Amino acid sequence: MVKYFCCADLLKSTWDQVCIAFWQRYPNPYSNHVLTEDIIFREVTPTNCLISRRLLTKTSRAPRWMERYLPKHMASSAYIIEDSIVDPQKRTMTTFTWNISHARLMSVEERCEYKINPENHSWTEMKREAWISSNVYGLSRAIQEFGLARFKTSISKTMKGFEYILAKMQGETPSRTLAETATERARETALAAKEKAKDLASHAQKKQFV
Amino acid sequence: MNSVGEACTDLKREYDQCFNRWFAEKFLKGDRSGDQCTETFRKYQRCVQKAIKEKDIPIDGVEFMGPNKDKPES
């Protein structure tokens, strides 16, 4: 069983600007979960399309209830591949993104198509499709539901990040306010402190056993 | 943004800068007059491909636009 999801999005920037921003979108204030980014293949085809493969490392936290079904030392990050084709003649960009880590547990495949908005040529429309599946016996449905929910929240982050970079490119002050940034910082600091405390606690526990 | 190979980040940034200029000023405008980023790309690839091997990242044989093939058009 595969969960299918489809939605449309709109970016109020030209297709050219969106493509330029696509290559510069990390880091942005909404991409703290993206740890590394690399181009590992790139070529211009004889038909003048640009094809690229990007390798990303992202943090991947499983929810509590899922943790006990996972291998104890499972990496807390995942490798993602994002292939893309930019066709400057047709003015289309197509991307296909999927995880190559933990794929048996949960596989998320996403396809996006960026085109000029037919009603307003200075805007770009996106069609986003996703296929979410899991092969964990007895849990696949629950994991797929979780994956879909998380995928939906990630879309809003992606879009905010995109808009942030587009605004920055166009020399505007990104709409994220100082207060918003401060709240985010505070949240991150709190999270870091919590992680550190957990770490200390587990060290302390280990020592007890020695 | 950092590279997956810690030692490659500087090479990556140098390449990214070159690519972004070429992409915006030439590629999108249909100007096919050569790409000055070839050499920086080669250096960066040498570094990052080595890092991928060392970290055992399973990218070998993964087809372009890979698992997309069997998907319904819908």
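**Exercise 1. The sheet of chain A**

How many strands does the open sheet of chain A have, and in what order do they come? Work it out on this predicted model, then find the edges.

*Solution.* Start by walking across the sheet: there are 7 strands, in the order 1-7-6-5-4-3-2, and the pairing is antiparallel. Now look at the two ends of that order. Strand 1 (2-11) and strand 2 (34-44) of chain A each have a single partner strand, so one side of each lacks a neighbour in the sheet. Going from one strand to the next, the twist averages 15°.

Next, see what sits on the sheet. Helix 3 (residues 140-169) of chain A packs there and touches strand 1, strand 6 and strand 7 of chain A. The direction of helix 3 makes about 20° with that of strand 1 of chain A.

**Exercise 2. Strand 6 and its partners**

Take strand 6 (residues 107-116) of chain A: is it mostly covered or not, and which strands pair with it?

*Solution.* Burial comes first. Of the 10 residues in strand 6 of chain A, 7 are buried, so call it mostly covered, with the cut-off for buried at under 20% relative accessible area.

Then do the pairing, one side at a time. Strand 5 (residues 92-99) of chain A runs antiparallel to strand 6 of chain A, with 7 bridges between them. To get the register, note that Thr97(A) stands opposite Glu110(A). On strand 7 (residues 124-133) of chain A, count 10 bridges to strand 6, again antiparallel. Here Ile116(A) has Thr124(A) as its bridge partner.

For practice, repeat this with strand 3 (residues 50-59) and strand 4 (residues 77-87) of chain A: they run antiparallel and are joined by 10 bridges. Leu50(A) has Val86(A) as its bridge partner in strand 4.

**Exercise 3. One threonine**

Is Thr94(A) buried or exposed, and what is it in contact with?

*Solution.* Place the residue: Thr94(A) belongs to strand 5 of chain A. Its relative accessible area is 14%. The cut-off for buried is under 20%, so Thr94(A) counts as buried. Now list the contacts, skipping neighbours within four places in sequence. Within chain A, Thr94(A) touches Asp83(A), Ser84(A), Ile85(A), Arg111(A), Cys112(A) and Glu113(A). From chain B, Met65(B) is also in contact with Thr94(A).

**Exercise 4. Where the chains meet**

How many residues does each chain bring to the contact, and what is the count of salt bridges between chain B and chain A?

*Solution.* Chain B brings 36 residues and chain A brings 46. Between them the two chains bury about 3200 Å², and 66% of that is on carbon and sulfur atoms. On the chain B side, Met1(B), Leu28(B) and Phe64(B) lose the most area to chain A, together 21% of what that side buries.

Now the geometry: helix 2 (residues 38-54) of chain B lies across strand 2 and strand 3 of chain A, at about 125° to strand 2. As for charges, the count is 1 salt bridge. Glu37(A) pairs up with Lys12(B) in a salt bridge, with 3.0 Å between the closest N and O atoms.

**Exercise 5. Confidence check**

Which helix of chain A has the lowest confidence, and which the highest?

*Solution.* For chain A overall, the mean pLDDT is 87, with 82% of residues at 70 or more. The low point is helix 4 (residues 178-209), at a mean of 62, while helix 1 (residues 15-22) tops the chain at 98. Helix 1 of chain A is also mostly covered, with 6 of its 8 residues buried. Among them are Trp15(A), Cys19(A) and Phe22(A).

Key: Residues are numbered from 1 along each chain as its sequence is written. Chains are lettered from A and ligands numbered from 1 in the order in which they are written. This is a predicted model: local features need pLDDT of at least 70, side-chain atom pairs count only at pLDDT 80 or more; totals for chains, interfaces and linings use all residues. Side-chain values use heavy atoms; hydrogens and water are left out. Buried means under 20% relative accessible area, exposed over 50%, partly exposed in between (1.4 Å probe, protein chains only). Helices (H or I, at least four residues) and strands (E, at least two) are DSSP runs, numbered from the N terminus. Two strands pair if DSSP finds at least two bridges between them. pLDDT is the predictor's confidence in each residue, from 0 to 100. Axes are lines fitted to C-alpha atoms, for helices over the stretch in contact, and angles run from 0 to 180 degrees between N-to-C directions. Contact means heavy atoms within 4.5 Å. Buried area is the accessible area (1.4 Å probe) that two parts lose on being put together, summed over both. A salt bridge is a side-chain nitrogen of Lys or Arg within 4 Å of a carboxyl oxygen of Asp or Glu.
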